[in-house]
Amino acid sequence: MFEYLPVAPPDSIFGLSDAFARDIRPEKINLTVGVYKDEQGRTPILATVKKAEESLLKSETSKGYMPVEGHPEYLKAVVNLIFGKTIDTARVAAAQTPGGTGALRVGADTVIRHFPGTRIWLSNPTWANHGSIFQAVGMETPIYPYLTPDKTSLDFSAMMQELTSQGRRGDLVCLHACCHNPTGIDPTLEQWQEISELLASKQMIPFVDFAYQGFGDGLEADVLPLNALLEKNHEVIVCNSFSKNFGLYSERVGSVSLVSKDASTTEAALSQLRLAVRCNYSNPPRHGAATVSAILNDSSLRKEWVEEVDAMRSRISKMRSMFIDGMKATDIDRDFSFLSRQKGMFSYSGLNSMQADWLKNERGIYIVGTGRINVAGMAASTMPTLCSAIAECIRATT
Ligand code: LMR
């Protein structure tokens, strides 16, 4: 059987990281995968995570299975963090999942099992893995326009027009709550309100990917778009990840929440999430969720964690400005100031796939072929090298 298997193409994001690891040039720079790095290029373990892990090491008495839906205190804390200030949390059925990807898959599985033929609208562009996840469960994935032709801002009217004219009752619409991946371009709060009204009026269901809470404007401010959706829509699906804001990438900590119209549906919704989990991975891993729970449920650790998230966000925004200034200082006649309006780890740099190849081959600088750069991978010490390489790349390729 296996001799007939073709070799699959490398992953558009992780494949580049593998190539980066194999690159022996000492001055190489990795701006591909969405991982936070400090000035020294390390992906640190947060101090609060270390503290929580130390106490878990002492207090943990069993490695027995967890409930199928996950760690109970973790789930309570997550639901409070995301929905606690807006809606009656009894309306929320939540299950712990292995990362945000697991959340998307469990959410999609749950819907398609009962509503075969459900479609999900994806923004063009969207995270490289969205299409594969939803198509794997058999969903159709129509796309809605997202960017203006110069790819530096949101084409809101085109987006709304497409969803208005082509959207159908019961369609899901995948929205990035903040820090749109790959562009870093988010709707304004007023635009979120309009999106919310449109989806409610057409009875389309928001399917929200919430992977970067705290990396846009702050932990609380980043919930506001979601609140706008909840204001008008009775049913919302939210997939969240703690990979980025807790730096728990490899622990795979996330959750999927089904928000129902009222609490009477929650039990059925939770039972369906359990079914989807059970036939995927049976029950979730404990450690990451126990760590997040220990931090969110301890007021002093929680306060310290908020400061750690704020510090990561500030560093990213400093790198963004330094990059814009660095490009201004080169002799290239291209204005990169649009990057200051983008949020989170990622930016669409405007560089094309040929330029991404040039940077990789000639300078050992790795960016995704779409022009997406991980701003969180930049450092003050390597900024001059990066900016002069990009300037040279633009000169050589245009
Ligand atoms: C990214 O987009 O780089 C991250 O979300 C990591 C991933 O899984 O692709």
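In the predicted model, a polar backbone atom of glycine 34 lies 2.7 Å from an oxygen atom of the ligand. Two side chains also approach ligand oxygen: a polar side-chain atom of tryptophan 127 is placed 3.0 Å from an oxygen atom of the ligand, and an N or O atom in the side chain of asparagine 181 is found 3.0 Å from a ligand oxygen atom. Considered alone, the ligand exposes 260 Å², of which the protein buries 85%.

Glycine 34, tryptophan 127 and asparagine 181 belong to a shell of residues around the ligand. This shell also includes Ile13, Phe14 and Val33, together with Tyr212, Lys244, Phe346 and Arg372. Sorted by class, the shell around the ligand comprises six nonpolar, two polar and two charged residues. Both domains contribute to the shell: at least three residues come from domain 1 (2-46 + 301-397), and at least three from domain 2 (65-297). The ligand occupies the space of the second largest pocket.

Enclosed space was examined next. Rolling a probe the size of a water molecule over the atoms shows where empty space is left. Two cavities of 30 Å³ or more are present in the structure.

The largest cavity contains about 50 Å³ of space. Its lining is formed by Tyr144, Tyr146, Met159, Leu175, His176, His180, Pro187 and Trp192. Six residues of this lining are nonpolar and two are polar, while no charged residue takes part in the lining of the largest cavity. Under the classification used here, in which Tyr, Met, Leu, Pro and Trp count as nonpolar, the two polar members of this lining are therefore His176 and His180.

The second largest cavity holds about 30 Å³ of space. The residues that line this second cavity are Tyr36, Thr43, Pro44, Leu46, Gly247, Tyr249 and Met312. By class, the lining of the second largest cavity divides into five nonpolar and two polar residues, with no charged residue. Because Gly is counted among the polar residues, Gly247 stands beside Thr43 in the polar part of this lining.

Conventions:
Residues numbered from 1 in each chain as written. Predicted model: local features only at pLDDT ≥ 70, side-chain atom pairs only at ≥ 80, totals over all residues. Heavy atoms only, no water. Near = heavy atom within 4 Å. Polar contact = N/O pair within 3.5 Å; in protein donor to acceptor, adjacent residues only side chain to side chain. Areas by Shrake-Rupley, 256 points an atom, 1.4 Å probe, with all protein chains shown as cover. 1 Å grid on protein atoms, 1.4 Å probe; cavity = no way out; pocket = protein on both sides within 12 Å on 5 of 7 lines; lining within 4 Å. Sits in = over half its atoms within 2 Å of the grid points. Domains from an automatic or database assignment. Points joined across faces, edges and corners; volume = space filled by probe spheres on them.
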